[in-house]
Amino acid sequence: MSSLADRTIDALSDEHDTLAAAVRDVTDDQVTAPSGAAEWTVAQVLSHLGSGAEITLAGLQAALGERTAPDDDFNPSVWDRWNAMTPSRQRAGFLEHDAVLVAAFTALDQQQRETLELRVGFAPTPLTVASFAGMRLHEAAQHGWDVRAARDSAAGLRTDSARVLAELFSHDIAFLLGFIAKPHSATEPVLLDIADSGYGLSITDSVTVTSPVNDPTATFSGPLEAAIRLLAGRLGPNHTPSDLEITGNTTLDHLRTVFPGF
């Protein structure tokens, strides 16, 4: 059976291929059109992913001893350079730099995938490759959806990515929920069973992804990918499957306040 690091890197590679195919031949009008992210155009989403690919690659290379660790000015300098690009260059830059990042993850041997430790300033402890690549997968999957949703309101996350992200959020990147969730909006504890997935959401004074789910107080009857989009605030009224249903002691509107998005 493949490791979580293997599955995460495979999902990252598939996300790159999917998004590259979606944007390689788009027109200038399409690349400057609104995306699924409320305040960003498609080009701005690609700029975010492209600059993130540069920053993630620098962290990976530093952990491998291939470069010195980036200093405090590195990230802002990368963002400034990408923000100054034209929309067409942002698209081309994404295609180039994301491919390089995916290739670097794919080139890791099995020992590196299992033993390498990576330091990220906001993470509570050094990250495993699965965690580090998992943070990138979260960005790639959600922002890849932003781009695809601009042309297809029924778009969802890739099934494999959603399954890997559920596993990651239940343990390896659980700390991210402390940044993206707003549990204080809950009026009572909720244990939401994501039906037929083996995963659930526990909302108390914090938010966790749990597995297995024992004695749920509510049920999310819909695809796992929609629940993972919910975590990132990407389950708005225009992008919710028509057959999705919430029963029990919460509502979809309430869950949207717990997960306002980024």
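Two strands count as paired when DSSP finds at least two bridges between them, and with that in mind you can begin this tour of a predicted model at one particular pair. Select strand β4, residues 218-221, together with β5, and you will find the two running antiparallel and joined by four bridges. Within this pair, look for A218, which stands opposite G248 in β5.

Next, widen the selection to the whole sheet, which is open and made of five strands in the order β3-β2-β1-β4-β5, with mixed pairing. The edges are taken by β3 (207-210) and β5 (245-248), and because each of these has a single partner strand, one side of each is left without a neighbour in the sheet. If you turn the view, bear in mind that neighbouring strands here are turned by 20° against each other on average, when direction is ignored.

Now add helix α10, residues 224-231, which lies across β1 (190-194), β2 (199-203), β3 and β4, and which runs at about 110° to β4.

From the sheet, move on to the nonpolar side chains. In soluble globular proteins, nonpolar side chains tend to be buried together. The largest nonpolar core in this model has 64 residues, and the members that touch the most others are F105, F220 and F259. Helix α7, residues 129-149, gives the most to this core, with 10 residues.

Select F105 by itself and display what surrounds it: leaving aside neighbours within four places in sequence, F105 is in contact with I9, L12, T56, L60, R113, F132 and A133. As a last stop, find another core that lies apart from the largest one and has 12 residues, including L19, V31, A37 and A43.

Conventions. Residues numbered from 1 in each chain as written. Predicted model: local features only at pLDDT ≥ 70, side-chain atom pairs only at ≥ 80, totals over all residues. Heavy atoms only, no water. Axes fitted to C-alpha atoms, helices over the stretch in contact; angles between N-to-C directions. Contact = heavy atoms within 4.5 Å. Core = buried A, V, L, I, M, F, W, Y, C linked by side-chain atoms within 4.5 Å. Buried < 20%, exposed > 50% of the residue type's maximum accessible area, 1.4 Å probe, protein only.
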